[in-house]
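Please read the following report alongside the sequence and the coordinates. It takes up the overall make-up of the chain, then its core, its helices and its ring contacts.

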Amino acid sequence: MISSFFSIGSGWVFYLVVTVQTAINAGVTTGSILIAGNCLQIMYSSLFPDGPMKLYHFIIIVAVVLSFLSQLPSFHSLRHINLGSLILSFAYTILVSAACIRAGMSSNAPVKDYSLSSSKSEKTFNAFLSISILATVFGNGILPEIQATLAPPAAGKMMKALVLCYAVVFFTFYLPAITGYWTFGNQVQSNVLQSLMPDSGPSFAPQWLLGLVVVLVLLQLLAIALVYSQVAYEIMEKNSADAAHGRFSKRNLVPRVALRTAYVAACAFVAAMLPFFGDIVGVVGAVGFIPLDFVLPVVMYNIALAPPRRSLVYQANVAIMVVFTGVGIIGAVASVRKLVLDANKFKLFSDTVVD
């Protein structure tokens, strides 16, 4: 995404885009670490219901593993991990959706409640919060530096890559969302595994299936965190690395290990201190994905190609910019509002993930 903005130089817009993109990547990495730790906690709690380990212990474990994996030197070196991540996504989607359908059709199916809040203001804020979350979901196809790895002609290949990406996103996000909501109604958790494995009462799926799903999503989250951390690593190492020395020389290896480990530790600290998964996704979508995916591209198009101000293309771009700027602002307010409301439900370094 950053590479598409070089046509306008290195002014304030470029640095604004870099800042927003870095914030998004940090948010995604933080959320991935949080849910990976939560998955380990779910597995641990099913085996040791009265065990002493807390959520932040598992977040530390995930951070240590991610710190080792983050030493892979470049985005290109993650290509096999990306392929494995795709396979894991399909496997997780199919298994967790099948578990939801089985639970919904079983004799001890949970009570379903599909009602909405009676408050009009609550409905409005929730609607814009949902838009922010959807922006995060479908913005995933934009942020990774796919374009920079494609041989010319980039435009046609990028379009094919995005179509494939959105097809995968639609399948892997909507199938569990639909089956999970059908089974548990408005009480479904952001991490549907928590609904399938409630704190009290029996699980709604076989233990072996749930254990396999937890392993799949854990590995998938590690892959996601690795991909989204690469932009931050490249920015940090732009000034710390020395091209005159080898990639694995002491001169480059020491600062790379130190900077990447510090970055992972910072994301893990935030995840452990503020375990708001659903709220993090909403905030990231509102302040990051919406402006970066729907506002800045049309602004850059008008600046770079300069269509006539009275042309349909120019007017349509301005309309898109205005509409999604408003959506982003309202979505940010809704997300922060939800974050403040949820802050009353827990204390710092809580042992549970707040939806």
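The sections below go from the whole chain to individual residues.

## Overall make-up

The structure is a predicted model, and the protein holds 10 helices and 0 strands. Of its 355 residues, 43% count as buried. Among the contacts in the protein with a separation of 6 or more, 76% are accounted for by residues 24 or more positions apart.

## The nonpolar core

In soluble globular proteins, nonpolar side chains tend to be buried together. The largest nonpolar core here has 64 residues, of which Ile33, Ile59, Leu193 and Leu196 touch the most other members. Helix α7, covering residues 207-240, gives the largest share of this core, namely 15 residues.

When neighbours within four places in sequence are left aside, leucine 193 is in contact with Cys39, Ile42, Val96, Leu210, Val213, Val214 and Val217. With the same kind of neighbours left aside, leucine 88 is in contact with Leu216, Leu219 and Gln220. Leucine 88 is found in helix α3, residues 79-105, and it is buried because its relative accessible area of 16% falls under the 20% cut-off. Leucine 88 and alanine 223 are 135 residues apart in sequence, whereas their C-alpha atoms are 9.8 Å apart in space.

## Helices α7 and α8

How far should the 34 residues of α7 span at 1.5 Å a residue, and how far apart are its end C-alpha atoms? The expected span is 50 Å and the end C-alpha atoms are 48 Å apart, which agrees. Helix α7 nevertheless bends by about 35° at glutamine 230.

Helix α8, residues 250-273, has 24 residues and reaches 34 Å from its first C-alpha to its last, close to the 34 Å expected at 1.5 Å a residue. The buried residues of α8 include Asn252, Arg256, Arg260, Tyr263, Val264 and Cys267, and further along Ala268, Ala271 and Ala272. An α-helix has 3.6 residues a turn, so residues three or four places apart point the same way.

## Aromatic pairs

The structure holds 7 aromatic pairs. The rings of phenylalanine 170 and tyrosine 174 have centres 4.7 Å apart and planes at 25°, so this pair is stacked, the cut-off for stacking being planes under 30 degrees apart. Both residues lie in helix α5, residues 154-184, where phenylalanine 170 and tyrosine 174 are 4 residues apart, about one turn of the helix. Tyrosine 174 is partly exposed, its relative accessible area being 28%.

Phenylalanine 184 and phenylalanine 204 form an edge-to-face aromatic pair, with 5.7 Å centre to centre and 70° between the planes. This pair links distant parts of the chain, since phenylalanine 184 is in helix α5 while phenylalanine 204 is in the loop between α6 (192-196) and α7, 20 residues apart. Phenylalanine 184 counts as buried at 6% relative accessibility, and phenylalanine 204 counts as buried at 16%.

## A cluster and a charge over a ring

Tyr44, Phe48 and Phe58 form one aromatic cluster. Which ring does the charged end of lysine 112 sit over? It is the ring of tryptophan 182, with the charged end of lysine 112 placed 5.3 Å from the ring centre.

Key:
Residues numbered from 1 in each chain as written. Predicted model: local features only at pLDDT ≥ 70, side-chain atom pairs only at ≥ 80, totals over all residues. Heavy atoms only, no water. Core = buried A, V, L, I, M, F, W, Y, C linked by side-chain atoms within 4.5 Å. Buried < 20%, exposed > 50% of the residue type's maximum accessible area, 1.4 Å probe, protein only. Helix = DSSP H or I, 4+ residues; strand = E, 2+ residues; numbered from the N terminus. Contact = heavy atoms within 4.5 Å. Expected span 1.5 Å × (residues − 1). Bend = angle between axes of the 7 residues up to and from the residue. Phe/Tyr/Trp six-rings, centres within 6.5 Å; stacked < 30°, edge-to-face > 60°. Lys NZ or Arg CZ within 6 Å of the ring centre and 35° of its normal.
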